[in-house]
Amino acid sequence: MKFVDEATIIVEAGKGGHGCLSFRREKYVPKGGPDGGDGGDGGSVYLEADDALNTLIDYRFQRKYKAQNGEPGAGRNCSGSKGEDMVLPVPVGTTVVDMDTHEVLGDLTRAGERLKVAQGGFHGLGNTRFKSSVNRAPRQTTPGSEGEARNLRLELKVLADVGLLGMPNAGKSTFIRAVSAARPKVANYPFTTLVPNLGVVSVQAHQSFVIADIPGLIEGAAEGAGLGIRFLKHLVRTRLLLHLVDVAPYDGSSPAESVQAIAAELEKFSETLSNRERWLVLNKVDMVAEEDREAHCQAIIDELDWQGPVFRISALSGEGTKPLTQAVMRWIEARAEEESQNPEVAEQERQRRAQMDEEARARIEAERAARRAARKNDDDDDDDFDDDDYDVEVVYAPE
């Protein structure tokens, strides 16, 4: 299976049916007259959020979609049938952007939510409509109008309350396995996680939140190193970021420098996202001798001059994970209550997310253009270049 979080499609609504030019002529009927019926409206194109989907891969194989045209009118005042609407299912969390105007048409964040992206053409009028006391035999009709056509970009961003940041092998996947029922792949090599993973963390009865694990970042990700920064867009919907850091990396690198490198990449991607609430989570504390553990962790905090919340955990053993999830739950509930009671705070949050979306879209497009230029310079004869070359393909096989 291939995880695809962006796709471009062309949608075209159906044309309206033409009006009919007809006159009633029947034997034994002394008076005839115009009886041309109206055409039918063209079908519209809708996108509908479906929680059974988690990828846009279907829209990479078929990119053009057209709704049904309306039928033309007929004699005896028969109206043409309306064209059938086309409903395209997309994953929950899909943003729809008009590629020609760069306008964001909508954001499908709830299952069953429907968005009209192309209006069907309106029906034409038959000559019956033009009958009057001074025009007894009208020969006027009107044609149906063309359906709306649009070039759309679909952008999928996973819906989560909390996002995980960190270097490859920082323990993000192990953490999400420890606190939720999600079972992402865990292995002792970098970039084990290739696509975002979601887990539902149940703190207690009727209290839970969704956490997102994205592929790890490395220094230079904004320039395309590693898996790049394209997966960072999945964090723009989150309310809180947990920055996991390995306190005892096997390669002997500095944990503080790792935090600073990720923070720099985050700022390059989106300044607004980098200013999100972010907590420091010192992971793998069980790898440090117990008598040296506090001093070792404090040295990292001092080197970073970290002023925000700090948690010390071992995702593998589960040590410290429960206090962390409880603190996250309290923070999320407090934030949600504040937004519900203060419309200004809710509006600020909406504007902040819109700004992050805009910054993320611009940064990803810049990275894609840079890769396209680099590819062209490397091989001017390669005519098969496509953005699909940089998609991540994941094959699920039984263990």
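A disulfide is a covalent bond between the sulfur atoms of two cysteines. To be counted here, a pair of cysteine sulfur atoms has to lie within 2.5 Å. Keep that cut-off in mind for the opening stop, and remember that you're looking at a predicted model.

**Stop 1: the cysteines**

Select cysteine 20 and show its sulfur. How far away is the nearest cysteine sulfur? By the 2.5 Å rule, the disulfide count is zero. Cysteine 20 fits that: its nearest cysteine sulfur belongs to cysteine 78 and sits 8.9 Å away. Because the cut-off is 2.5 Å, cysteine 20 is in no disulfide. Turn on a surface and look for cysteine 20 again: it's buried, with a relative accessible area of 14%. Now pick cysteine 297, which is also buried; its relative accessible area is 1%.

**Stop 2: a three-stranded sheet**

Next, select residues 45-50, which make up strand S5, along with 86-91 (strand S7) and 114-118 (strand S10). Together they form an open sheet in the order S7-S5-S10, and the pairing is mixed. S7 and S10 are the edge strands, each pairing on one side only. Tilt your view a little: neighbouring strands in this sheet are turned by 30° against each other on average, ignoring direction.

Zoom in on S5 and S7. They run in the parallel sense, paired over six bridges. For one position to look at, click leucine 47, then find its bridge partner in S7, leucine 88.

**Stop 3: glutamate 84**

Now go to the loop between strand S6 (64-66) and S7, where you'll find glutamate 84. Is glutamate 84 buried or exposed? It counts as exposed, at 59% relative accessibility. Set aside its neighbours within four places in sequence, and glutamate 84 is in contact with Gly43, Ala67 and Gln68. Try a distance label too: the C-alpha atoms of glutamate 84 and valine 45 are 9.3 Å apart, although 39 residues separate them along the chain.

**Stop 4: helix H7**

Finish by selecting residues 343-378, helix H7. It has 36 residues and spans 52 Å from its first C-alpha to its last, close to the 52 Å expected at 1.5 Å a residue.

What caps the N-terminal end of H7? Click asparagine 342: one of its side-chain oxygens lies 3.0 Å from the backbone nitrogen of glutamate 344, capping that end. Then colour the buried residues of H7, including Val345, Met356, Ala360 and Ile364. Charged-looking names turn up among them as well, so add Glu349, Asp357, Arg361 and Arg368 to your selection.

Terms used:
Residues numbered from 1 in each chain as written. Predicted model: local features only at pLDDT ≥ 70, side-chain atom pairs only at ≥ 80, totals over all residues. Heavy atoms only, no water. Helix = DSSP H or I, 4+ residues; strand = E, 2+ residues; numbered from the N terminus. Expected span 1.5 Å × (residues − 1). Buried < 20%, exposed > 50% of the residue type's maximum accessible area, 1.4 Å probe, protein only. Polar contact = N/O pair within 3.5 Å; in protein donor to acceptor, adjacent residues only side chain to side chain. Pairing = 2+ DSSP bridges. Axes fitted to C-alpha atoms, helices over the stretch in contact; angles between N-to-C directions. Contact = heavy atoms within 4.5 Å.
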